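This report describes the internal packing and side-chain interactions of one protein chain. Please keep the sequence and the structure in view while reading.

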Amino acid sequence: ERARVVAMVQRRSPNSAAFLRGRLSLLSGAQLPGVATFRHLALTNLREALADAGAFLADGQEKPEDFGELACGRAYWLARVTYGKHAAKGILEEKASTLTLQLLEKAAAHFKGDAEKRTYCLRFAAGYATNPRYFRSEHVLKNQLELINAYEREPLHRPGLAAMFRARVAWQCQASSKGKKNTREA
């Protein structure tokens, strides 16, 4: 829906939506025909979707030319599975969270010749890892700072956004230490 709106704005005013086009090209990977079966699995059979994502990431197989976009599309649908599930304890949510991050990291590595797309992948990864609206596995939480650092190493990174990611981590650390303190006092 956002991509359609940006395309409409682009037609009316060619330079006004330029800053969104790169991000939306990656997000449009969620609607690629090669992701349709995965999307259906993510919405109806998470266990099979996780197996599909694992097989997609497996080493030793030839990667399609649009691997980066397909990985971003899969990451989008897996991230949706973890949205708003703050108290999730299931193995499926843990694995979905970890695979979301792995898909974004592999997509970034695939875009080694495209600094804009690589930066967006790392931005999405750092944003996902630090966003408290998503259930994030221990693997994702442990890698928050490294993901922010990887994003900051990109020449096209936005320093203000990186600072926001760091602020999220600091807030979460502070909030979790207060929670532990209150639990001990109770």
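The sections below treat the nonpolar core, one helix, a buried loop residue, the aromatic groups and the salt bridges of a predicted model.

## Nonpolar core

The largest nonpolar core has 43 residues, and the members that touch the most others are F38, F56, L78 and L103. At least two residues of this core come from each of the helices α3 (36-44), α4 (46-57), α5 (67-82), α6 (91-110), α7, α9 (144-153) and α10 (159-185). The helix that gives the most is α5, with 9 residues. In soluble globular proteins, nonpolar side chains tend to be buried together.

L78 illustrates how the core is joined. When residues up to four places away in sequence are not counted, L78 touches F38, L46, L50, A53, A96, L99, T100 and L103. Two of these partners, F38 and L103, are themselves named with L78 among the core members that touch the most others.

## Helix α6

Helix α6 has 20 residues, which at 1.5 Å a residue should span 28 Å; the C-alpha atoms at its ends are 28 Å apart, in agreement with that expectation.

Which residues of α6 are buried? They are E93, A96, S97, T98, L99, T100, L101, L103, L104, A107 and A108. The elements that cover the buried residues of α6 include α4, α5, α7, α8 and α9. From this buried set, A96, L99, T100 and L103 are touched by L78.

## S137, a buried loop residue

S137 is located in the loop between α7 and α8 (138-142). Is S137 buried or exposed? Its relative accessible area is 0%, so S137 is buried, the limit being under 20%.

Leaving aside neighbours within four places in sequence, S137 contacts E94, S97 and T98. Of these partners, S97 and T98 are among the buried residues of α6. The C-alpha atoms of S137 and L101 lie 9.8 Å apart, while the two residues are separated by 36 residues in sequence.

## Aromatic pairs and a charge over a ring

The whole structure contains 6 aromatic pairs. One of them joins Y76 and W77: the ring centres are 4.9 Å apart and the planes stand at 85°, so the pair is edge-to-face, a class that requires planes over 60 degrees apart. The two partners differ in exposure, because Y76 has a relative accessible area of 32% and is partly exposed, whereas W77, at 6%, is buried.

Y120 and F124 form a stacked pair, with 6.3 Å from centre to centre and 20° between the planes. Both residues belong to helix α7 (residues 115-130), where they are 4 residues apart, about one turn of the helix. Y120 is buried, with a relative accessible area of 11%, and F124 is partly exposed at 23%. One aromatic cluster is made up of Y83, Y128 and Y134. In addition, R74 lies over the face of F56, at 4.0 Å from the ring centre; F56 is also one of the core members that touch the most others.

## Salt bridges

How many salt bridges does the structure hold? There are 5. In one of them, the side chains of K117 and E69 meet with an N to O distance of 2.8 Å. This pair links distant parts of the chain, since K117 is in helix α7 and E69 in helix α5, 48 residues apart. K117 and E69 are both buried.

Helix α7 takes part in another bridge, in which the closest N and O atoms of R118 and E154 are 2.9 Å apart. R118 lies in helix α7 and E154 in the loop between α9 and α10, so this bridge ties together parts that are 36 residues apart in sequence. R118 counts as buried at 17% relative accessibility, and E154 counts as buried at 10%.

A further bridge is formed by E152 and R166, whose closest N and O atoms are 2.6 Å apart. Because E152 is in helix α9 and R166 in helix α10, this pair ties together parts that are 14 residues apart in sequence. Here E152 is partly exposed, with 28% relative accessibility, and R166 is likewise partly exposed, with 31%.

Terms used:
Residues are numbered from 1 along each chain as its sequence is written. This is a predicted model: local features need pLDDT of at least 70, side-chain atom pairs count only at pLDDT 80 or more; totals for chains, interfaces and linings use all residues. Side-chain values use heavy atoms; hydrogens and water are left out. Rings of Phe, Tyr and Trp (its six-membered ring) pair if their centres lie within 6.5 Å; planes under 30 degrees apart count as stacked, over 60 as edge-to-face and the rest as tilted. Buried means under 20% relative accessible area, exposed over 50%, partly exposed in between (1.4 Å probe, protein chains only). A charge sits over a ring if NZ of Lys or CZ of Arg is within 6 Å of the ring centre and within 35 degrees of the ring normal. Contact means heavy atoms within 4.5 Å. A nonpolar core is a set of buried Ala, Val, Leu, Ile, Met, Phe, Trp, Tyr and Cys residues joined through side-chain atoms within 4.5 Å. A salt bridge is a side-chain nitrogen of Lys or Arg within 4 Å of a carboxyl oxygen of Asp or Glu. The expected span of a helix is 1.5 Å times one less than its number of residues.
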